[in-house]
Amino acid sequence: MEVEEIAAIAYLYYRTKRRYKRKYWVHPLLSSRSTKGMFTTFFIELRTYEEKFFSYTRMSIKSFDELLDTIRPLITGINTTMRPCSSAEEKLLVTLRYLATGCTFADLHHTFRLGETTLREALRQVCHAIWTNQRATCLPEPTRDQWLKIAQQYNAVTNFPNCVGALDGKHIRVVKPAHSGSLFYNYKHYFSFVLIASASADSKFTFIDVGAYGKCSDSAVFNQSLFCNKLQSNKLDIPEGRPISSSDNRPIPYVFVADEGFGLTDKVMRPFSGSRLDFRKRVFNYRLCRARRIIECTFGILANKWRTFQRPLNVDIDFAMNIVKCCILHNFVRDRDGVEQIEEDLGSCDFNNFQNCGARPNINGFSVRDCFADYFVGEGSVPWQNECV
């Protein structure tokens with residue numbers, strides 16, 4: 001077939017093809033947003049009731065206004081002659097409602113009378129602004145004095161000396177990304193990516209790492225993180241070790257506690273493996289689990305408060321990672337609004353009845369763990385531990 005014939009056929013095809021014509025430039029349901037939308041009719045009245053406002057946005061009015069003031073320059077749009085843009089207040093309210101409930105974009109579309117595309121872009125913009133603006137404030141790298149304070153809190157709360165954090169990973173469920181094969185398919189038989197985090201004794205995050213493939217193990221993700229590189233190269237300003245026993249002057253390094261999914265090093269403690277353990281090893285596992293449960297409860301509080309972490313994220317991976325980075329709002333709210341009663345109930349695990357839990361270890365890790373194990377059955381024993389092992 002000649003080129004001219006192909007061109008003629010293509011011309012006739014596109015000329016006769018019925019083009020889609022939009023029925024509305026702006027749907028009537030959306031055009032009435034300024035008078036009937038949720039933000040216009042509900043938000044001002046909601047601000048007059050502090051408890052209801054906290055329940056709706058998961059933060060106090062004061063915290064909302066503070067957060068809005070810090071990110072307003074990053075999320076404020078420009079009005080055009082065609083239509084006014086959504087206000088910064090409305091964008092933040094929509095984002096907090098999505099994070100608090102995990103509802104669908106279709107639900108927000110009908111509630112706030114905003115187009116779904118507009119909603120997605122507003123959420124993406126606000127989540128990025130929160131991470132960019134609040135990271136240094138809500139998730140700073142602890143100083144030497146702050147590490148010492150964290151260790152004192154862990155010792156007071158969990159009776160585990162020289163502990164500066166609890167490590168664990170959480171799989172963030174997502175709808176299967178296009179053309180990803182099995183990269184995001186995890187051992188729990190669903191699609192996800194990994195959030196690795198460390199928590200202090202007051203259930204606040206001290207570091208997070210987001211975005212590793214769901215097929216990767218917690219240990220592999222942690223070992224590849226910037227935090228681990230700084231930890232192993234002694235660039236985190238963690239104090240030098242100190243003795244934990246009055247009868248033994250050997251300095252014991254400050255450590256993180258983790259489950260059996262992590263490798264044993266002189267800076268990361270994990271339980272003794274195996275089922276036939278002697279009394280000393282069972283006691284150590286019990287005491288380590290009492291400290292490690294802090295990060296488990298922190299993840300529980302996070303997912304209970306921000307319900308989007310309980311549902312599959314039906315967005316692209318980059319957008320999903322921006323959403324997950326908003327977990328720094330967990331620290332933001334706890335620093336300013338304290339602990340809500342529902343969080344106290346969730347986080348108040350019974351330490352005395354906490355049960356045992358089951359990369360390659362190094363020699364220094366073995367010796368440090370043995371020192372802790374000897375301490376826990378000697379000078380550092382607690383009255384109830386024999387009944388729990």
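1. Two strands are taken to pair if DSSP finds at least two bridges between them. On that basis, in this predicted model, 5 strands form an open sheet in the order β3-β2-β1-β4-β5, and the pairing is mixed. At the edges stand β3 (205-213) and β5 (268-269), each with a single partner strand, so one side of each is left without a neighbour in the sheet. Helix α13 (residues 279-305) packs on the sheet, where it touches β1, β2, β3, β4 (255-257) and β5, and the direction of α13 makes about 50° with that of β1.

2. For a general setting, the protein has 18 helices and 5 strands, and buried residues make up 48% of its 389 residues. The protein exposes about 20200 Å², of which carbon and sulfur atoms supply 52%.

3. Strand β2 deserves a separate paragraph. Strand β1 (residues 163-173) and strand β2 (residues 192-199) run antiparallel and are joined by 8 bridges; L167 stands opposite S198 in β2, while the bridge partner of D168 in β2 is A197. With β3, strand β2 shares 7 bridges, and these two strands also run antiparallel, with A199 standing opposite F205 in β3.

4. How many of the 8 residues of β2 are buried? The count is 8 of the 8, so β2 is largely enclosed by the rest of the structure. In a regular strand the side chains alternate between the two faces of the sheet. In β2 both faces are covered, since S192, V194, I196 and S198 on one side and F193, L195, A197 and A199 on the other are all buried.

5. The hairpin of β2 and β3 has 5 residues between the strands, and within this hairpin S203 takes a positive phi near 60°. The backbone oxygen of S203 also lies 2.7 Å from a polar atom of the side chain of H330, a residue found in helix α15 (residues 328-337).

6. Is H330 buried or exposed? Its relative accessibility is 2%, and because buried means under 20%, H330 counts as buried. Leaving aside neighbours within four places in sequence, H330 is in contact with S203, K204, F205, T298, I301, L302 and W306.

7. The helix that carries H330 can be described in a similar way. In α15, 7 of the 10 residues are buried, so this helix is largely enclosed by the rest of the structure; the buried residues are I328, L329, H330, N331, F332, V333 and R334. Just after α15, G338 takes a positive phi of about 75°.

Notes. Residues numbered from 1 in each chain as written. Predicted model: local features only at pLDDT ≥ 70, side-chain atom pairs only at ≥ 80, totals over all residues. Heavy atoms only, no water. Helix = DSSP H or I, 4+ residues; strand = E, 2+ residues; numbered from the N terminus. Buried < 20%, exposed > 50% of the residue type's maximum accessible area, 1.4 Å probe, protein only. Polar contact = N/O pair within 3.5 Å; in protein donor to acceptor, adjacent residues only side chain to side chain. Contact = heavy atoms within 4.5 Å. Axes fitted to C-alpha atoms, helices over the stretch in contact; angles between N-to-C directions. Areas by Shrake-Rupley, 256 points an atom, 1.4 Å probe, with all protein chains shown as cover.
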